Amino acid sequence: MRRRRFLAISAAFLAAPAARAEVTRWRAPALGGEVRVDLRGPRGLGAEVAARIAALVEEVEAAASLFRPDSALARLNAAGGLEAAPGALTDLLEIAGEMHAATGGVFDPTVQPLWRALAEGGDPGPARAAIGWARVRPGPAPRLGAGQGLTLNGIAQGYAADRVRATLAEAGYGTALVDMGEFAALGGPFALGLADPQIGLFGERRMLGGALAVSSPGAMRIGSELHILGPRGEPALWSTVAVEAERAAIADGASTAFCLMDREAIRAARDRLPGVGRVTLVDF
């Protein structure tokens, strides 16, 4: 999952008066980067809750990492099918299908072989021919079409952030911010800065619950290509896209897909996606 960590997820914490109250910060390695939890109030992160978060992150990593050959996703890509997918992978495939439908096919996890071919300097032709979510059969026993492979890096961090937030809520915490590259807030307010690779900080968002994800196509290149790839060759239209939503997984996937979509298409997709609010676009 390291690729997603390098996407210049550039929402940075900004100083805010409320943040000077009692704050406990906890962090641990996660998904090729780290998970960070900021808690407000006198109650720190208990060992049992920290262990639950670590186990949750390991569950998502074991389901969806492209860098672990034993992950369920790596095995699915290698074999073209699984007889029994873990629950986290089943969840992620369901979300991917929802994102694909809402974005008119722009969000398409089957770009993974193309990404790999470009990264390794190989022939991208066969990989381009294999793209197409319609050939994927999600579910508890998922199947891929011939030559296909998936990346779930566009939603996995957000999905994990949502689950960490839910774990904190179940444990009775009232105000917390989960940072996994995508942000999921429990209560608040939290002040986050928005940044673009070219112009730096350009705005601030105050979160009172909800989630925020930011994608910047120019933050990394694969050879001569920007790292966010259109399944039908769509070029990146925006230097940075920030999406606010109720769920971090939806904000995560939307911020990726919206980089390749014009304003009209973004408005239509936003109306189809559950809980999506403000979308911020930065021109190249």
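This text walks through a predicted model, from the whole protein down to single strands and one residue. Residues are numbered from 1 along each chain as its sequence is written, and side-chain values use heavy atoms, without hydrogens or water. Local features need pLDDT of at least 70 and side-chain atom pairs count only at pLDDT 80 or more, while totals for chains, interfaces and linings use all residues.

Start with the whole. The protein has 9 helices and 12 strands. Helices (H or I, at least four residues) and strands (E, at least two) are DSSP runs, numbered from the N terminus. The radius of gyration is 18 Å, close to the 19 Å that the globule rule gives for 284 residues, so the protein is as compact as a globular protein of that length. That radius is taken over C-alpha atoms, and the rule is 2.2 Å times the number of residues to the power 0.38. Along its principal axes, the C-alpha trace spans about 55 × 40 × 35 Å.

Now look at burial. Of the 284 residues, 55% count as buried. Buried means under 20% relative accessible area, exposed over 50%, and partly exposed in between (1.4 Å probe, protein chains only). Contacts (heavy atoms within 4.5 Å) can link distant parts of the chain. Among contacts with a separation of 6 or more, 64% are between residues 24 or more positions apart.

Next come the strands. Strand E8 covers residues 211–215, and 5 of its 5 residues are buried, so E8 is largely enclosed by the rest of the structure. In a regular strand the side chains alternate between the two faces of the sheet. In E8, Ala211, Ala213 and Ser215 point one way, and Leu212 and Val214 point the other way.

Which strands pair with E8? Two strands pair if DSSP finds at least two bridges between them. Strand E5 (residues 183–186) runs antiparallel to E8, joined by 2 bridges. Here phenylalanine 183 stands opposite leucine 212. Strand E11 (residues 240–245) also pairs with E8 in the antiparallel sense, over 5 bridges. Serine 215 has valine 241 in E11 as its bridge partner.

Follow E5 further. Phe183 and Ala185 point one way from E5, Ala184 and Leu186 point the other way, and all are buried. E5 is also joined to strand E4 (residues 176–179) by 4 bridges, and the two run antiparallel. One bridge partner pair is leucine 177 and alanine 185. E4 and E5 form a hairpin with 3 residues between them. Glycine 181, in the turn, has a positive phi of about 90 degrees.

Turn to the helices. Helix H8 covers residues 248–258, and 11 of its 11 residues are buried, so H8 is largely enclosed by the rest of the structure. Among its buried residues are Ile250, Asp252 and Phe258.

Finally, pick out one residue. Alanine 160 sits in helix H7 (residues 156–170). Is alanine 160 buried or exposed? Alanine 160 has 0% relative accessibility, so this residue counts as buried. What does alanine 160 touch, leaving aside its neighbours within four places in sequence? Its contacts are Leu31, Leu56, Val60 and Met180. Glutamate 94 is 66 residues from alanine 160 along the chain, and their C-alpha atoms are separated by 15 Å.
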